[in-house]
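Hi everyone, thanks for making time for this. I'd like to walk you through one structure, so have a look at the screen and we'll go through it together.

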Amino acid sequence: MSVSAPPEEVLDVLRRQDPEVADVLSGEARRQAETLQLIAAENFTSPAVLAALGSPLANKYAEGYPGARYHGGCEYADAAERIAVERATALFGADHANLQPHSGSSAVLAAYAALLRPGDTVLAMGLEHGGHLTHGSPANFSGRWFDFVPYGVDPETGLVDYEQVAALARHHRPTAIVCGSISYPRHPDYALFRAVADEVGAYLVADAAHPIGLVAGGAAPNPVPYADVVCATTHKVLRGPRGGMVLCTAELAERIDRAVFPFTQGGAQMHTIAAKAVALGEASTPAFTAYAHRVVEHARVLAAALAAEGFALTTGGTDTHLITADPAPLGVDGRTARARLSAAGMVLDTCALPHGDGRGIRLGTAAVTTQGMGAPEMARIAALFTSALRGEPEETARVRAEVRELTRSFPPYGR
Ligand SMILES: Cc1ncc(COP(=O)(O)O)c(C=O)c1O
């Protein structure tokens, strides 16, 4: 499903005025088109989303919420935000949605601000097992202001250790339990997390930054019926602009809104909210449902092909858009693998592994699926990985040429 209107046309106006910056932007557009975007957190937004982002709403200050702003002239800003909120609540079946968070981290910050006091205990997945920075990293506000207790995954299976979750919850009596991860390729058992939270009187926060697009397309379970608050990003599988979103119960709506503005943010970025509305509109279509299911199907095909090449898959496979794997059986660690794959035009991340200190690789199929690639291309990509990992200059050049040929057939923004 590649989309038309190459960004080059949009850049013309900039090129005439500021060729230096225009060159940077067209270089990035070329990089995205000529290499394989396998970073699990990235995607290609539609030209309609890009149009909203580049619209005059970018000029507008609109502190507050629709109908209650601190600035004048907000009638169109109000309209954009109302559409975004209505689309989000309808799509995810939530009582309430706040589309103002500038990022996924801002959404999590707002959730904590609404539910917790400094020093409160929170149970979340440990960072070395796939938790996000906002799940208690000492380098992040979360680790500084709250007392995080980490749970983990089973070192053998890579699956969440639910017995440990329940035992830690009973022992520490946290104020909130967070479920969600940056690299877990399976669905969290939201019902089980809810039961544990209920048993110890904790709030349940689902950080669905990664799977929310799959949820929109009916390709992953919806955390909304289980969690008190669901935090998400809008720029991953959901294919919207970079940004965050909070979904919550009617009971918590006012607390969440106040936690976003004025507690943790000032004026919302109204052009981004309009772009979120566009993306949510796209995500409500049957075409997006088909897309979300294809993303998962492609991740499964790619995972199986990588396993056949010798990669050790965390949890043995995937139910999502995301694959994490240890390339050690091919003689390299995650960092070397990322560097060699990047040299050959295949862009992805490293990630923690459930066992030991080594790093694995993390990749996803959201962007390549948006480009229109299918199962045969996934098998081809797995073979290219193995060739590139040898790190031989001639082989790397050959793979890079093959990547160029592949991406030429699937341009992200049409020809
Ligand atoms: C689970 C999780 N939470 C929060 C975030 C933060 O999102 P952002 O980078 O937009 O702040 C991410 C981003 O990848 C994530 O995966």
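Let me start with one pair of residues: Ala325 stands opposite Ile361 in β15. Those two sit in strands β12 (residues 322-326) and β15 (residues 359-364), which run antiparallel and are joined by four bridges. Strands here are DSSP runs of E with at least two residues, helices are runs of H or I with at least four, and both are numbered from the N terminus. Two strands pair if DSSP finds at least two bridges between them.

Before I go on, a word on the source. This is a predicted model, in which local features need pLDDT of at least 70, side-chain atom pairs count only at pLDDT 80 or more, and totals for chains, interfaces and linings use all residues. Residues are numbered from 1 along each chain as its sequence is written.

Back to our strands. They belong to an open sheet of four, ordered β11-β12-β15-β14, with antiparallel pairing. At its edges are β11 (312-313) and β14 (349-352), each pairing on one side only. Helix α12 (residues 286-309) packs on this sheet and touches β11, β12 and β15, with its direction at about 10° to that of β12. Helix α13 packs on the sheet too, touching β14 and β15, and its direction makes about 45° with that of β15. For contacts, the C-beta atoms of two residues, placed from the backbone, lie within 7 Å. For angles, axes are lines fitted to C-alpha atoms, for helices over the stretch in contact, and the values run from 0 to 180 degrees between N-to-C directions.

Let's stay with α13. How do the axes of α13 and α15 cross? Helix α13 (residues 334-343) and helix α15 (residues 375-389) have axes that come within 9 Å and cross at roughly 105°. That makes α13 roughly perpendicular to α15, a label for angles of 65 to 115 degrees, while under 35 is roughly parallel, over 145 roughly antiparallel and the rest oblique. Ala337, Arg340 and Leu341 of α13 make the contact with Phe385, Ala388 and Leu389 of α15. By class, that is five nonpolar, no polar and one charged residues. Nonpolar here means Ala, Val, Leu, Ile, Met, Phe, Trp, Tyr, Cys and Pro; charged means Asp, Glu, Lys and Arg; the others, Gly among them, are polar.

Now the other sheet. Seven strands form an open sheet with mixed pairing, in the order β4-β10-β9-β8-β7-β5-β6. β4 (96-98) and β6 (147-151) are the edge strands with a single partner each, so one side of each has no neighbour in the sheet. On average, neighbouring strands of this sheet are turned by 20° against each other, direction ignored. β4 runs antiparallel to β10 (residues 244-248), with three bridges between them, and Ala97 has Leu247 in β10 as its bridge partner.

Two helices lie across this sheet. Helix α7 (residues 162-172) crosses β5 (121-125), β6 and β7 (176-179), at about 155° to β6. Helix α10 (residues 253-264) lies across β4, β9 (229-233) and β10, at about 0° to β4.

Those helices lead us to two backbone oddities. Most residues other than glycine have a negative phi, and most peptide bonds are trans. Pro262, in α10, follows a cis peptide bond from Phe261, with omega near 10°. In the loop between α7 and β7 sits Arg173, whose phi is positive, near 45°.

And the ligand? It has 15 residues around it, with Ser103, Gly104, Ser105, His132 and Ala209 coming nearest; near means a C-beta atom, placed from the backbone, within 6 Å. Helix α5 (residues 104-115) gives the largest share of that shell, three residues. The shell divides into four nonpolar, ten polar and one charged.
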